[in-house]
Amino acid sequence: KTKDNVFVLVEVRVQYQVIDKKVKLAAYELTSAREQIEAYVEDVIRATIPEMELDQAFESKETVAQNVKEQLTEAMSGYGYQIHEALVTDLNPDQRVRNAMNEINASFRFREAAVEKAEADKVIVVKAAEADAESKYLSGVGVSKQRKAIIDGLRDSVTDFAESVEGTGPKDVLNLLMVAQYFDMLENVGCKSAK
């Protein structure tokens, strides 16, 4: 049981051999070396795992394995056994805990995906707004240039007309333009109402 009250099944593999010079001791001192090793492993696990929370236990598998190896080496060398390696091969919490951990992980991934999608949507909206602003700016520049060209054209036309027809002034030319625009407007209205 871990510090945060989660029951875990810890699987440990131990690699050991009889020390050449202590074969007699290994053969006659212990009835079952395997059972003795298992007892020591269980003892070390019961002493180590309760001091850790579940996440820490997963992260500290090497530390647990090292503790097991050190304790076994110390205990079993007196019986003629050399411990080569102790490996924690699996930490298996209760199925409900595993399901909860998977749900937490899935929720985290979904939340990350939602944040990334929101960021992408934000970029799309910002870029669309920037494009719209640039379009309106360029449209305004175009309208401004168009009006300037019209004014320049009218000024040149008024000046040319006033110079070529004696007795007329700029006001007469502007009145003539107003009448021409009036007739153009009447023509457009007439064409649209006929349809």
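Helices here are DSSP runs of H or I with at least four residues, numbered from the N terminus. With that settled, bear in mind as you click around that this is a predicted model.

**Stop 1: the start of α5**

Select Gln95, which lies in helix α5 (residues 95–164). Gln95 is partly exposed, at a relative accessible area of 41%. Now add Gln56 to the selection and draw a C-alpha to C-alpha distance: the two residues are 19 Å apart in space and 39 residues apart in sequence.

**Stop 2: the segment before β1**

Go back towards the start of the chain and pick Thr2, which sits in the segment before β1. Is Thr2 buried or exposed? Its relative accessibility is 3%, so Thr2 counts as buried. Show its surroundings and, leaving aside residues up to four places away in sequence, you will find Thr2 touching Val8, Ile49, Pro50, Met52, Glu53 and Leu54.

Next, select Asn5, also placed in the segment before β1. Asn5 is exposed, with a relative accessible area of 54%. Take a look at its backbone too: phi of Asn5 is near 60°, a positive value in a residue other than glycine.

**Stop 3: helix α2**

Now colour α2 (33–48). Its 16 residues should span 22 Å at 1.5 Å a residue, and the end C-alpha atoms are indeed 22 Å apart, so the two values agree. Display the side chains of Ala33, Ile37, Val41, Val44, Ile45 and Thr48, which are buried. Turn the view until you look down the axis of α2: these buried residues fall within an arc of 100°, so they line one face of the helix. On the other side of α2 you will meet Glu35 and Arg46, both exposed. What do the buried residues of α2 pack against? Their partners are β1, α4 and β2.

**Stop 4: helix α4**

Follow that packing to α4 (residues 61–76), a helix of 16 residues. From its first C-alpha to its last, α4 reaches 22 Å, close to the 22 Å expected at 1.5 Å a residue. Select Val64, Ala65, Val68, Leu72, Ala75 and Met76, the buried residues to show in this helix. They cover an arc of only 105° around the axis, which puts them on the same side of α4. Spin the helix around, and the face turned away from that buried side carries the exposed residues Glu62 and Glu74. The buried residues of α4 pack against β1, α2 and β2.

**Stop 5: an aromatic pair between strands**

A search of the whole structure finds two aromatic pairs. For one of them, select Tyr16 and Tyr81: the ring centres are 5.9 Å apart and the planes meet at 70°, so the pair is edge-to-face. The pair links distant parts of the chain, with Tyr16 in strand β1 (residues 8–18) and Tyr81 in strand β2 (residues 81–93), 65 residues apart. Switch on a surface to compare the two partners. Tyr16 is partly exposed, with a relative accessible area of 34%, whereas Tyr81, at 10%, counts as buried.

**Stop 6: the largest pocket**

Finish at the largest pocket, which holds about 500 Å³ of space. Which residues lie nearest its centre? Select Val10, Val12, Glu38, Val41 and Glu42 to see them, out of a lining of 18 residues. Both β1 and α2 supply at least two residues of this lining, and the largest share, eight residues, comes from β1. Val41 may look familiar from the third stop, where it appeared among the buried residues of α2.

Definitions and conventions: Residues numbered from 1 in each chain as written. Predicted model: local features only at pLDDT ≥ 70, side-chain atom pairs only at ≥ 80, totals over all residues. Heavy atoms only, no water. Phe/Tyr/Trp six-rings, centres within 6.5 Å; stacked < 30°, edge-to-face > 60°. Buried < 20%, exposed > 50% of the residue type's maximum accessible area, 1.4 Å probe, protein only. Expected span 1.5 Å × (residues − 1). Arc of directions from axis to C-beta. Contact = heavy atoms within 4.5 Å. 1 Å grid on protein atoms, 1.4 Å probe; cavity = no way out; pocket = protein on both sides within 12 Å on 5 of 7 lines; lining within 4 Å. Points joined across faces, edges and corners; volume = space filled by probe spheres on them.
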